[in-house]
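Welcome! Here is a small set of exercises to work through with the model open beside you. Try each task before reading its solution.

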Amino acid sequence: MCGITGIFAPGRDAARIAYFGLYALQHRGQESAGIAAGDGGTIRSHKDMGLIGAIFDESTLSELSGFVAIGHTRYSTTGSSVVVNAQPLLETTEIGDFAFAHNGNLTNTDDLRESLAPTTTLLASSDSEVMAKTIVEAKGTMLERIEAVLRVARGAYSITLCTKDELYAFRDPWGVRPLCIGTFPDGGYAVASESCALPTIGATYLREIEAGEIVRITADGIESYRTHNEKAHPALCMFEYIYFARPDSQLNGRSIYMARYAMGRALAKEHPVDADVVMAVPDSAVPGGIGYAAESGLPYVEGLIKNRYIGRTFISPDQGMRSRSVQLKFNPVVENLRGQRVVVVDDSIVRGTTTPRIVRLLRDAGAKEVHLRITSPPIKHPCYLGVDMATYDELIAANFTIDEIAKKTGADSLGYLSLDGLVEASGRKGDEMCLGCLTGTYPNVPAAHHARAVC
Ligand code: 5GP
Ligand code: MG
């Protein structure tokens, strides 16, 4: 995953705006974050491990002066939690320096790495760094170099890139990861992974950056280039609708909240159950739960309260706490559960580690029956394009039947939304999205070198 932003705001402190933009994208990654800013002469940057609020303060931000900036917040994956993988990456070329922020995952990193000059030193060994070095070693203007990388890079990449005085934003030809652009009322532009970041920084949504499009913003205004030769097929990631995007974002004109609400309604039609109340696992499943309740006519209650401040903890709980780790995050509202037949709506079951603990917690709180309803189909296949579910082994639905999963979770019944129900709720055509984790059919992205997702 990852969240990225890009700001071009003449006469203003772009880094400060990028900072608040990243705050609105914090849900897309909590491992590390950074901002780079250009003032017409130099690019300066600051990045570190952790949450945005802990990384920046007045003094670090005020050192990042300038009217152009990009920001990045990184999604956590195992084994690569080191500051050298934090972004933006800073690169030097014979036409000047640039900073680079990537959301997505390349599928031909090994090929690209082999094409680099033998003398090239890679510090981070991430797909993002290989892509940045490909730009460094390309020829011509920055635009020509970006065009060159678009021709050879395969997989998922939404990118913001700034030089000392220009902002670029571009998207892979399949449009796997989102990226949109807005305008400031007093001039200038903001680019963000999700539209929810735009109102936060006083920008107005303009449009999506299209698959395969390069947007260039300079003091002279905005230009758009479309360069890829092959006719790529659109393949926006369905998991953005299911889990990742914030509900107050819109993707291609469809509100994520309304998509999830429609998923909940469809789920209630497909898997009705005799019950007393409907609840959702906060926060991502809440619109789906409200939709299920509306369609079923059952009351919607809050059955779990989520601790908003737990975030990612790097302190390991002791053994006794680890077995109850779900309780670090959720407390049951006993009064809404005791003696009740409860429908529990969640957005997905990936590894099947958390879900049984939630069912246990609800039963311990006195729920008489627990009926699990999931607003996505079973996740049966790995993601090669940026979501951290990389192997068949780790996916519960790749290894067990729905009945077996129901038993493992300890629920009285389990129902998944159908693929058709999901696609219809998204408001997009099924063949215009990547449904690889649900169907095993991936967009036409050559994936010979399926690397573990690092971003
Ligand atoms: P599981 O039972 O598969 O261990 O956990 C299911 C829960 O994981 C669901 O509540 C779902 O919202 C959540 N989930 C799905 N994808 C991700 C992810 O990439 N990161 C985190 N932290 N949670 C996720
Ligand atoms: Mg969840």
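The exercises below deal with a predicted model, and each solution goes step by step.

**Exercise 1. A salt bridge between a helix and a strand**

Task: Find the side chain that pairs with Lys133, and work out which parts of the chain the pair ties together.

Solution:
- Step 1. Begin with the general idea: side chains of opposite charge can pair when their charged atoms come close.
- Step 2. Look around Lys133: its side chain meets that of Glu91 in a salt bridge, at 2.9 Å from N to O.
- Step 3. Place both residues: Lys133 belongs to helix H5 (residues 127-137) and Glu91 to strand S5 (residues 89-93), so the salt bridge ties together parts that are 42 residues apart in sequence.
- Step 4. Check the surroundings: Lys133 and Glu91 are both buried.
- Step 5. For context, this pair belongs to a structure that holds 24 salt bridges.

**Exercise 2. A salt bridge between two loops**

Task: Decide whether Arg351 and Glu394 are buried, partly exposed or exposed, and say where each of them lies.

Solution:
- Step 1. Confirm the pairing: a salt bridge joins the side chains of Arg351 and Glu394, with 2.9 Å from N to O.
- Step 2. Locate the partners: Arg351 sits in the loop between strand S20 (341-346) and helix H14 (354-364), and Glu394 in the loop between strand S21 (369-374) and helix H15 (396-399), so the pair ties together parts that are 43 residues apart in sequence.
- Step 3. Classify Arg351: with a relative accessible area of 37%, Arg351 is partly exposed.
- Step 4. Classify Glu394: its relative accessibility is 17%, and buried means under 20%, so Glu394 counts as buried.
- Step 5. Now look at a network: Arg28, Arg177, Glu194 and Glu240 are joined into one by salt bridges that share partners.

**Exercise 3. Two domains and their contact**

Task: Describe how domain 1 and domain 2 touch, using the area buried between them and the residues that take part.

Solution:
- Step 1. Set the bounds: domain 1 covers 3-232 and domain 2 covers 255-431.
- Step 2. Take the spacing: their C-alpha centres are 33 Å apart.
- Step 3. Count the residues in contact: domain 1 gives 11 residues and domain 2 gives seven residues.
- Step 4. Add the area: about 800 Å² is buried between domain 1 and domain 2, and carbon and sulfur atoms give 59% of it.
- Step 5. Look for pairings: there are zero salt bridges between the two domains, and three residue pairs are in polar contact.
- Step 6. Sort the side of domain 1 that touches domain 2: it has three nonpolar, seven polar and one charged residues.

**Exercise 4. A serine in a helix**

Task: Is Ser128 buried or exposed, and which residues does Ser128 contact beyond its neighbours within four places in sequence?

Solution:
- Step 1. Place the residue: Ser128 is in helix H5.
- Step 2. Read the accessibility: Ser128 has a relative accessible area of 1% and is buried.
- Step 3. List the contacts: apart from those neighbours, Ser128 touches Gln87, Leu89, Phe100 and His102.

**Exercise 5. The packing of helix H17**

Task: Identify the buried residues of helix H17 (residues 419-426) and what they pack against.

Solution:
- Step 1. Pick out the buried residues of H17: Gly421, Leu422, Val423, Ala425 and Ser426.
- Step 2. Follow them outward: the buried residues of H17 pack against helix H8 (238-244), strand S16 (254-255), helix H9 (256-270), strand S23 (433-434) and helix H18 (436-439).
- Step 3. Finish just after H17, where Gly427 has a positive phi of about 75 degrees.

Note on methods:
Residues numbered from 1 in each chain as written. Chains lettered and ligands numbered in written order. Predicted model: local features only at pLDDT ≥ 70, side-chain atom pairs only at ≥ 80, totals over all residues. Heavy atoms only, no water. Salt bridge = Lys/Arg side-chain N within 4 Å of Asp/Glu carboxyl O. Helix = DSSP H or I, 4+ residues; strand = E, 2+ residues; numbered from the N terminus. Buried < 20%, exposed > 50% of the residue type's maximum accessible area, 1.4 Å probe, protein only. Domains from an automatic or database assignment. Contact = heavy atoms within 4.5 Å. Buried area = accessible area lost by both parts, 1.4 Å probe. Polar contact = N/O pair within 3.5 Å; in protein donor to acceptor, adjacent residues only side chain to side chain. Nonpolar A, V, L, I, M, F, W, Y, C, P; charged D, E, K, R; others polar.
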